[in-house]
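Work through these short exercises with the model open beside you. Try each task before you read its solution.

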Amino acid sequence: RVAYVNGQYVPHGHATVHIEDRGYQFADGVYEVWSVFDGGMADFDGHMTRLHRSLTELRIDIPMSREALTQVLKETIRRNRVKNGIVYLQVTRGTARRDHPFPPPGTPPSVVVTSRSISPLKTDAIAEKGVAVVTTPDIRWGRCDIKTVGLLPNILAKQIAKDRGAYEAWMVDDMGLVTEGSSTNAWIIDEHGKLRTRDTQANILKGCTRTTLLDILKEEGIELEERAFTVEEAKRAKEAFFTAAGAFVMPAVSIDGVKIGNGKPGPVATRLRELYIERGH
Ligand code: PDD
């Protein structure tokens, strides 16, 4: 395997950044993850646009042109012979003596790209059975719209899920409303049959998979209510699922041990997964 690190392709096992990289010291950086479908990147423009936005919001310099970055992503996928899987891109504010304010102007951002294969058969098998979700308080900051590498609350939430034998943790705000998953957007079909997901003005990440699903819903004539739901509503839901690069559309069959629907992936989630994967190809 190879990784791209600041202008070079290096063997994955020897790929390093400096100990004074601001990503390492301050989590001062952003990232994106694309699904790789048959060698191509899904939702390419959406992720690129969001990367640009994250960098701009944090006043990190744009490291290279969009065309150059596209080339690096493609080349990393090619060199790792990834047909299906993910490609990961991280941009930090660069390397400088540890000091809280931004480093001197002109300090180049650090860019790292990795890519690995994920068996679509494996992901499909998981989706066919559906997965367990647990809930946990959302302890994050007020800028969850920015895709930063500062993911401590997210990894703590995911570990709670793992410890409880679940696949994903849905985070819950002070009002008892589900914000999003630790690395996914959360959706339900509520007890009245309404498809619902939290609106993206409400301190969550605007998922690219979510955005594409919005297009699919329009085409299919499926109504969506962008309105947050409580944990209780989720537990009474007919269906539940979550979306993200890598997971696509993943049915949830229990929440905190409470069975959703008949405990099997619901028809809408299953259909939306198929439609999303079709489009990705
Ligand atoms: N996570 N919400 C959070 C907090 C996320 O970290 C992610 C993505 C999403 C879904 O976004 P998208 O559909 O654009 O992948 C929602 C990536 C996959 C990760 O952290 O690995």
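The exercises go from the whole chain to single residues.

This is a predicted model, where local features need pLDDT of at least 70, side-chain atom pairs count only at pLDDT 80 or more, and totals for chains, interfaces and linings use all residues. Residues are numbered from 1 along each chain as its sequence is written.

**Exercise 1. Describe the overall build of the protein.**

Step 1. Count the elements. The protein has eight helices and 15 strands. Helices (H or I, at least four residues) and strands (E, at least two) are DSSP runs, numbered from the N terminus.

Step 2. Check the compactness. The radius of gyration is 19 Å, close to the 19 Å of the globule rule for 281 residues, so the protein is as compact as a globular protein of that length. The radius is taken over C-alpha atoms, and the rule is 2.2 Å times the number of residues to the power 0.38.

Step 3. Find the extent. The C-alpha trace spans about 55 × 40 × 35 Å along its principal axes.

Step 4. Find the buried share. Of the 281 residues, 38% count as buried. A residue is buried if 20 or more other C-beta atoms lie within 10 Å of its own, exposed if 12 or fewer, and partly exposed in between; C-beta atoms are placed from the backbone.

**Exercise 2. Divide the protein into domains and describe where they touch.**

Step 1. Set the bounds. Domain 1 covers 2–118 and domain 2 covers 123–280. Such bounds come from an automatic or database domain assignment.

Step 2. Count the contact residues. Domain 1 gives 21 residues and domain 2 gives 15 residues. Two residues are in contact if their C-beta atoms, placed from the backbone, lie within 7 Å.

Step 3. Look at the side of domain 1 that touches domain 2. The elements β3 (29–37), α2 (44–57) and β5 (85–92) each supply at least two residues of it. The largest share, eight residues, comes from β3.

**Exercise 3. Locate the largest nonpolar core.**

Step 1. Recall the term. A nonpolar core is a set of buried Ala, Val, Leu, Ile, Met, Phe, Trp, Tyr and Cys residues joined through C-beta atoms within 7 Å.

Step 2. Size it. The largest core has 58 residues, and Val133, Ala240 and Ala252 have the most contacts inside it. Strand β14 (residues 248–255) gives the largest share, six residues.

Step 3. Place it. Domain 1 and domain 2 both give residues to this core, so it lies between them.

Step 4. Follow one member. Beyond its neighbours within four places in sequence, Ala252 is in contact with Gly130, Val131, Val133, Ala240, Phe241, Phe242 and Ile260.

**Exercise 4. Which residues are closest to the ligand?**

Step 1. Find the shell. There are 15 residues around the ligand, and the closest are Gly207, Cys208, Thr209, Ala244 and Ala245. A residue is near a molecule if its C-beta atom, placed from the backbone, lies within 6 Å of it.

Step 2. Name the elements. Two or more shell residues come from each of α6 (208–220) and β13 (239–244). The largest share, three residues, comes from α6.

**Exercise 5. Are Ser110 and Glu278 buried or exposed?**

Step 1. Take Ser110, in strand β6 (residues 110–117). Ser110 has 21 other C-beta atoms within 10 Å, so Ser110 is buried.

Step 2. Take Glu278, in helix α8 (residues 267–280). Glu278 has 9 other C-beta atoms within 10 Å, so Glu278 is exposed.
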